Amino acid sequence: MMRLLSTWLNPFYWLDDHISPRYRGMYTLFKKELLRFWRVAFQTIASPILTALLYLLIFSHVLESHVKVYDQVSYTAFLVPGLMMMSLLQNAFANSSSSLIQSKVMGNIIFLMLTPLTYLEFFIAFLAASMIRGLAVGLSIYLVALLFVDVPTVHPWWIIAFALLGSALLGTFGVIAGIWADKFDQMAAFQNFVIMPLTFLSGVFYSIHSLPPFWQAVSQLNPFFYMIDGFRYGFFGQGDVSPWLSLGVVGVFLLALAWLCLKMLKSGYKLRS
Amino acid sequence: MAAAVEIQGITKHFGAFEALRGIDLTIGQGEFFALLGPNGAGKSTLINLMSGLLRPTSGHIRIMGHDVQSDYQQARMALGVVPQELVFDPFFNVREMMRFQAGYFGCGPENDGWIDEVITGLGLADKAHTNMRQLSGGMKRRALIAQALAHRPPVIVLDEPTAGVDVELRQMLWVFIQKLNRQGHTIILTTHYLEEAETLCQRVAMLKQGRVVTLDTTQQLLRSHAAKQLSLRVEGVVPAHLQTMIKQQQGDEVIFNLADIGQVEIILSALRQAQVAVLDIQLQEVDLEDVFLNLVGSQGGQA
């Protein structure tokens, strides 16, 4: 019975036997990357959910009666998509970047470099696993938040589009950072000095319309702002800018980073010399 | 039939440093081949060029007929490399790691029988479900070798697989590797232990400062560098016509190089005729270490 249950619950059970040899290399790397974070799910899934919920609890408690961003939308509800997106982005980034830096420092990346995997397969496998971790964290936060507050979903397709684009963008960013960094120290700097400020200053906790004009203009230079604003538009049907503009900005950034990342992988930057 | 490894005019520069200065080498299928040389001779560089971890400055390498640059997927499919450093993935156990590694090469569940064979052959059976992190140094080394063999490569490169490894594992490893060799796998070995190369390998290439200084069968190498030495303690003067055979003379001790064992008789009878008394006789076998030191010099006299 237990065996049957674990077989049913194992999404790889069927794929392991049926995937074509042509795609098996990429599939295996993807699966390994998934299992890697799943084995430490307490740290990679549960802890970001808890962090997001603490933010939700504290900020909503303190600010609920003081801040009104949109009519008809409570501050607590307003906060939920922002926290979801923030955690989704941070975890998509963390997955590919930490996996790569770890295997570089440990040296076991050599076992990947010896395989016939193409640079494109390498990229897709790391990206897909990062996206899934980001999406899993984001979705979990949503489900848990529903216990406390009612969050509408006016335009589900926008929500899905921005969740996919955001996780892809940061997953790609994570691959770039993971290849570039030589030490954990550099990776921590990247995370704390680039990713954190960009997410916190992107309007997770506020609408940029509440900022002075100068800081509004600065915020609009931040690509993270568009991911969060477009995502939030999907929930409430209103945002600081048009979702189409956000889609365009995020799409262009994604293409640019993916191009850079593939160029690095193809040239063997820091991996082959 | 394509050669297992074909190396043509390979050079590799790191900035101003020339690690390899024109290597030409062909290793046939099914050979057990030794790559020897002092530290810094370029052995690891050459292996990294074969596996695609490095790109050559000039020249070509083909594995089982596939160019490692232009046809890298086929070339890597044919190659299994055991890295020198003890590297491992801390998230998974031995069997999982092997399945993943085989999977990267496109091998699925049909390969599980082979994985079991490798795990058993390397004495890892009771550690198959142990996390890589919890293995001892020797066990990690076995796991590393197992991982390189996961996709059943026809050409296997062992880069100092026995460095810091106990006798038991060394023997177990060689029994298993020799079995693979008999089954047709080509084995390329670099090692610090010259006696290993001597007993296992049919052919030897010696590298020095990025060049191949010797390439020959192990037997021929031992023979041409005087297969045996005759060491005598004598009283009197060794006749002039024997002087050319003398390798070394110190006081009353004279060492002769012998091309074959029959020369012992010639030397002894010549000494008797010259009325030189022989006080002590010793016959010494020359091993690869002597040849090695002879060829690459005594500096850094290790492989």
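Here is a short tour of this predicted model, with a selection to make at each stop. Residues are numbered from 1 along each chain as its sequence is written, chains being lettered from A in the order in which they are written. Local features need pLDDT of at least 70 and side-chain atom pairs count only at pLDDT 80 or more, while totals for chains, interfaces and linings use all residues.

Start with strand S8(B), residues 186–190 (strands are DSSP E runs of at least two residues, helices H or I runs of at least four, numbered from the N terminus). All 5 of its 5 residues are buried, so the strand is largely enclosed by the rest of the structure (buried: 20 or more other C-beta atoms, placed from the backbone, within 10 Å of a residue's own). B:Thr186, B:Ile188 and B:Thr190 point one way, B:Ile187 and B:Leu189 the other.

Add the partners next (strands pair if DSSP finds at least two bridges between them). S3(B), residues 32–36, runs parallel to S8(B) with 3 bridges; find B:Phe32 opposite B:Ile187. S7(B), residues 155–159, is also parallel to S8(B), with 5 bridges, and B:Val155 stands opposite B:Thr186. From S7(B) the chain crosses through helix H6(B), residues 167–182, to S8(B) in a right-handed β-α-β crossover (clockwise from the first strand over the helix to the second, with the strands pointing away from the viewer).

Now select B:Val157: its contacts (C-beta atoms, placed from the backbone, within 7 Å) include B:Ile47, B:Met50 and B:Ile188, not counting residues up to four places away in sequence.

Finally, show domain 1 (5–222) and domain 2 (228–285) of chain B, bounds that come from an automatic or database assignment. Their C-alpha centres lie 44 Å apart.

Note on methods: Two residues are in contact if their C-beta atoms, placed from the backbone, lie within 7 Å. A residue is buried if 20 or more other C-beta atoms lie within 10 Å of its own, exposed if 12 or fewer, and partly exposed in between; C-beta atoms are placed from the backbone.
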